[in-house]
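Here are two short exercises to work through with the model open beside you. Try each task before reading its solution.

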Amino acid sequence: MAQIDFGGVVEEVTTSEEFSLQKAREVLKDETVAVLGYGVQGPGQALNMRDNGIRVIVGQRENSNSWDRAVVDGFVPGETLFPLEEAARKGTIVQFLLSDAGQMQTWQKIKACLNPGDALCFSHGFSIVYKDQTGIIAPENVDVILVAPKGSGRTVRTNFLDGSGINSSYAISQDTTGRAKERTLALGIAIGSGYLFPTTFEKEVYSDLTGERGVLMGCLAGTMEAQYNLLRKHGHSPSEAFNETVEELTQSLIRLVAENGMDWMFSNCSTTAQRGALDWAPKFRDAVAPLFDELYDKVLTGEETQRVLEVNSAPDYRERLQKELDTIHESEMWRAGAAVRSLRPENRGR
Ligand SMILES: NC(=O)c1ccc[n+]([C@@H]2O[C@H](COP(=O)([O-])OP(=O)(O)OC[C@H]3O[C@@H](n4cnc5c(N)ncnc54)[C@H](OP(=O)(O)O)[C@@H]3O)[C@@H](O)[C@H]2O)c1
């Protein structure tokens, strides 16, 4: 483990320098990792581990697009691709990567497939922390561990392929074998994490639910829409409104933030932009702070997870979701976005 100073607070982290891929292979050499679910996270983690020389099988319900995708990705039915329960029985580490609602719905069947000494691994604290809602209580004779990539499964894969990585948190809630920690770190390295930082199941799920509803997705989408609508209301063209709201952010400014921080982005903008941003940032911070308090409370009380389980357990949840996404896709703002993207030099003429 390395001790790193995060803005004055020293934390322990693990990278492939402290825990090499070679060591991960050694720890996992007698294990079969069964990745259950081939949705978003499943493919990213399964393919990275397979490329890193780990024995990986996939469990996925048959007659589904996800099953077909696993086949296209080289998993072979009957050899490395199985129905969920069969994969769970064969795995010594069961990586539970069904949607969180799917985990609740299948749990009783999956639980019956676990063998003593197996590790049950999650990428979210959801199922275990909100056990009163999900009914997921692991048997006492298995390790219960967590490796949670802090990014979409899609980038877990693309970052791996381009030689970078996605950072992951990790936690252990039950160590029956005495090997839970080394198994967890080995998995974290094998899926291609940039660095691994310790957390608990509770802290992981509270921060994750807040982050995705907040700055990462919900707040971002809502704030963008508010600014776009404001500019349109005042007679700005869609092209202008979209460029000033989204395109400049994604193509220029957020890249500078990623590279070297917020101050670096500010220092590479005009003095006019700097002055305005420095004056307005605290106003936006104070305006949204009460909303963030409300959000965190709803996460803690379980109101957010209850809604997720209810909505995502409906048999027609995919169709309903698609309708909501179609509404965004068809809105003027995001149709304008498609036009703007088509005009990027690299996209012209495609
Ligand atoms: N999405 C991310 O990038 C991300 C990031 C960090 C952590 N996580 C966590 O990783 C886990 C997996 O998330 P995900 O986003 O990858 O999930 P997802 O894409 O929603 O996963 C869907 C998978 O679950 C299966 N599934 C859903 N309901 C099922 C049911 N009732 N019976 C059998 N299979 C069912 C789907 O099969 P079908 O295709 O057949 O429907 C598919 O394989 C979750 O705990 C999530 O919180 C996700």
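**Exercise 1.** At what angle do helix H5 (residues 100-111) and helix H15 (residues 303-313) pack, and how far apart are their axes?

*Before you start.* This is a predicted model, in which local features need pLDDT of at least 70 and side-chain atom pairs pLDDT 80 or more, while totals for chains, interfaces and linings use all residues. Residues are numbered from 1 along each chain as its sequence is written, and side-chain values use heavy atoms, with hydrogens and water left out.

*Solution.*
- Step 1: H5 and H15 pack at about 75°, with their axes 8 Å apart.
- Step 2: That angle makes H5 roughly perpendicular to H15 (65 to 115 degrees counts as roughly perpendicular).
- Step 3: Asp100, Ala101, Met104 and Gln105 of H5 meet Leu309, Asn312 and Ser313 of H15; contact means heavy atoms within 4.5 Å.

**Exercise 2.** Find which residues come nearest to the ligand, then look at its oxygen atoms.

*Solution.*
- Step 1: Of the 25 residues around the ligand, Gln41, Gln60, Ser66, Asp100 and Arg318 come nearest (near means a heavy atom within 4 Å).
- Step 2: H5 supplies the largest share of this shell, five residues.
- Step 3: A polar side-chain atom of arginine 318 is 2.7 Å from a ligand oxygen atom, and one of arginine 61 is 2.9 Å from a ligand oxygen atom.
- Step 4: At valine 40, a polar backbone atom lies 3.0 Å from an oxygen atom of the ligand.
- Step 5: The ligand taken alone exposes 890 Å², of which the protein buries 83% (areas use the Shrake-Rupley method with a 1.4 Å probe).

Definitions and conventions. Axes are lines fitted to C-alpha atoms, for helices over the stretch in contact, and angles run from 0 to 180 degrees between N-to-C directions. Helices (H or I, at least four residues) and strands (E, at least two) are DSSP runs, numbered from the N terminus. Angles under 35 degrees count as roughly parallel, over 145 as roughly antiparallel, 65 to 115 as roughly perpendicular and the rest as oblique. A polar contact is a pair of N or O atoms within 3.5 Å; within protein, one must be able to donate a hydrogen and the other to accept it, and residues adjacent in sequence count only if both atoms are side-chain atoms.
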